[in-house]
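Biologist: I am new to this structure and would like a close look at a single part of it. Could you take me through the pockets with care, and explain each term as you use it?

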Amino acid sequence: MAVPWYGIFENINSISKLAKMPQWNSEKPLRVATGYTYLSSKFLKEKGLKHVTFSTADGALEAAPAMGTADAIIDIVSTGTTLRENNLKEIEGGVVLESQAVLVARKKSIIQQNGALDTTHEILERLEAHLRALDQSMVTANMKGSSVEEVSERILSQPQLSGLQGPTINEIFSKPNSVTPDYYEIVICVPKRALYKSVQQLRAIGGCGVLISPLAYIFDEEPPRWHNLLMQLGL
């Protein structure tokens with residue numbers, strides 16, 4: 001459950017405080033936008049909210065409070081980014097239920113059915129690679145230098161620029177007869193939380209033309225979950 005940061009909800013940070021607000025009565029009930037009316041109704045009654053009406057919104061539920069069609073929302077939340085973008089906050093005690101995605105299969109089918117084990121392997125690999133990439137960004141920059149070794153020494157002197165295993169450094173080829181200094185392209189992965197610090201450190205050692213790209217997958221060594229599954233299957 002989420003309510004706006006502003007207005008009458010500015011100091012409301014728990015569902016118990018929400019239930020004690022004098023505004024909600026039979027003539028003016030709390031308006032909740034949700035796609036889960038049965039669960040929400042049962043949940044709010046248990047939390048002491050007696051005067052509530054429910055509605056569904058066309059499009060994103062998060063916009064309903066700003067549009068004035070709802071006071072609060074109840075919806076599926078993963079990271080909470082969309083809530084923050086719409087000036088909404090989660091409140092203490094407002095988790096209706098916790099859920100997770102689970103892949104279920106018969107042990108015998110995975111082993112015997114043609115292609116089932118390969119498909120399972122690919123699913124695990126993709127999930128692991130995507131989770132690994134969520135916290136990383138790819139940073140590409142140009143840097144003046146006299147050699148690959150000299151550029152790499154400068155990069156590795158900075159704590160935020162080590163990358164996954166180290167920086168990738170490629171020579172940039174200028175036009176024939178050009179008097180342009182030697183430039184090298186560097187490519188590294190950095191944690192999103194340290195992105196700006198990484199850009200600052202690149203500038204400090206002569207980096208320019210910094211490009212930031214999102215990452216969808218980072219495939220590394222085969223994930224431990226795959227090896228654990230093989231052990232459980234006796235393979």
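Modeller: What follows looks at the largest pocket and then turns to the second largest one. This is a predicted model, in which local features need pLDDT of at least 70 and side-chain atom pairs count only at pLDDT 80 or more, while totals for chains, interfaces and linings use all residues. Residues are numbered from 1 along each chain as its sequence is written, and side-chain values use heavy atoms, with hydrogens and water left out.

A pocket here is an open set of points, on a 1 Å grid over the protein atoms alone, where a 1.4 Å probe fits and protein lies on both sides within 12 Å along at least five of seven lines; its lining residues have an atom within 4 Å of a point. The largest pocket holds about 560 Å³ of space, a volume being the space filled by probe spheres set on the points. Its lining is made up of 18 residues, and those nearest the centre are Ala-101, Leu-103, Leu-124, Leu-127 and Arg-225. Helix H6 (116-133) and helix H9 (224-233), helices being DSSP runs of H or I with at least four residues, each give at least two residues to this lining, and H6 provides the largest share, seven residues. By class, the lining has 11 nonpolar, five polar and two charged residues, where Ala, Val, Leu, Ile, Met, Phe, Trp, Tyr, Cys and Pro count as nonpolar, Asp, Glu, Lys and Arg as charged, and the others as polar.

The second largest pocket has a volume of about 480 Å³, and of the 18 residues lining it, Asp-75, Ile-76, Val-77, Val-96 and Leu-97 are the closest to its centre. Its lining divides into 13 nonpolar, two polar and three charged residues.
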